[in-house]
Amino acid sequence: LFARRGASWPGRRPSVPRQVLLEDETATRRAGENLARLAKSPFLIALRGELGAGKTTFAGGFPAGLGHKGVVASPTFAMVNEYRKLSPKVVHMDLYRAGPLDLPGLALDEYFSDAEAVCLVEWPENAGDLLPKDRLEVTLHHAKEGRSLSWHGTGPRSKSLAAKWRP
């Protein structure tokens, strides 16, 4: 009855998808920087979107938001890049090339359960059922002018973060 009328169940806050338009690569990177300042470990951010939508650019802003001054390389071929000197530690994964046989060797469950890490996962659909239930879902799409960024939480911590974050 509540869902039909668009209301939520009493005592629950729905996860309302939020969306903004990012005008360029700088704005996409800045959105990642802004999220980094709010995210507390352990946490997972699932980055979705088609090729070239800006997932890696967004993820590159995340370490910068925590004070990283160096180059943030795409983990396309390595699949996992760690930034251990940051607080929290950042683990950036690109699972585009990961198949079911690769997953055990990547030790995803260890990364996802690391109490001191925030994991950013590009192509999270390739992780199968290994993703934590409570995560922030971030989706980027090409737009006429720039990129469309939408986000929502899937559990209590991620819903709280989704409500606070302003890209």
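**Figure 1. Strands β2 and β6 pair in parallel within the predicted model.** In this predicted model, strands β2 and β6 run parallel and are joined by four bridges. One position at which this pairing can be followed is Arg48, whose bridge partner in β6 is Thr139. The loop that lies between α1 and β2 contains Pro42, and the peptide bond leading from Ser41 into Pro42 is cis, with an omega near -10°.

**Figure 2. Strands β6 and β7 form an antiparallel hairpin.** Strand β6 also pairs with β7, and here the two strands run antiparallel and are held in register by eight bridges. The connection between β6 and β7 is a hairpin of two residues, and Ala143 stands opposite Gly146 of β7.

**Figure 3. Strand β1 pairs with β7 at one edge of the sheet.** Strand β7, which covers residues 146-153, pairs with β1 in the antiparallel sense, and five bridges link the two. Within this pairing, Gln19 has Ser150 of β7 as its bridge partner. Strand β1 (18-22) is one of the edge strands, and it therefore pairs on one side only.

**Figure 4. Seven strands make up one open, mixed sheet.** The strands shown in the preceding views belong to an open sheet of seven strands, ordered β1-β7-β6-β2-β5-β4-β3, in which the pairing is mixed. The edges of this sheet are formed by β1 (18-22) and by β3 (80-83), each of which pairs on one side only. On average, and with direction ignored, neighbouring strands of the sheet are turned by 20° against each other.

**Figure 5. Helix α5 packs on the sheet.** Helix α5, made up of residues 156-164, packs on the sheet and touches four of its strands, namely β1, β2 (43-48), β6 (136-143) and β7. The direction of helix α5 makes an angle of about 140° with the direction of β7.

**Figure 6. Strands β3 and β4 form a hairpin that holds a cis peptide bond.** At the other edge of the sheet, the edge strand β3 (80-83) runs antiparallel to β4 (residues 89-94), and four bridges join the two strands. Glu82 has Val91 of β4 as its bridge partner, and the hairpin that leads from β3 to β4 passes through five residues. Pro88 is found in the loop between these two strands, and the peptide bond that joins Ser87 to Pro88 is cis, with an omega of about 0°. On the other side of β3 along the chain, the loop between α2 and β3 contains Met79, a residue other than glycine whose phi is nevertheless positive, with a value near 70°.

**Figure 7. Helices α1 and α2 cross obliquely.** Helix α1 (residues 25-36) packs against helix α2 (residues 55-65) at an angle of about 45°, and the axes of the two helices are 6 Å apart. An angle between 35 and 65 degrees falls outside the ranges for roughly parallel and roughly perpendicular, and α1 and α2 are therefore oblique to each other. The crossing of α1 and α2 is right-handed. From α1, the residues Glu25, Thr28, Arg29, Ala31, Gly32, Glu33, Leu35 and Ala36 take part in the contact, and they meet Thr57, Phe58, Gly60, Gly61, Phe62, Ala64 and Gly65 of α2. When the residues of this contact are divided by character, six are nonpolar, six are polar and three are charged.

**Figure 8. The protein chain as a whole sets these views in context.** The protein chain contains five helices and seven strands, which follow one another along the sequence in the pattern β-α-β-α-β-β-α-α-β-β-β-α. Taken along the principal axes, the box filled by the C-alpha atoms of the protein chain is roughly 50 × 35 × 30 Å. A compact globule of 167 residues would have a radius of gyration near 15 Å, and the 16 Å found for the protein chain agrees with this.

Note on methods. Residues numbered from 1 in each chain as written. Predicted model: local features only at pLDDT ≥ 70, side-chain atom pairs only at ≥ 80, totals over all residues. Heavy atoms only, no water. Axes fitted to C-alpha atoms, helices over the stretch in contact; angles between N-to-C directions. Contact = heavy atoms within 4.5 Å. Parallel < 35°, antiparallel > 145°, perpendicular 65-115°, else oblique. Left-handed = near helix turned anticlockwise from the far one by under 90°. Nonpolar A, V, L, I, M, F, W, Y, C, P; charged D, E, K, R; others polar. Rg over C-alpha atoms; globule rule 2.2 N^0.38 Å.
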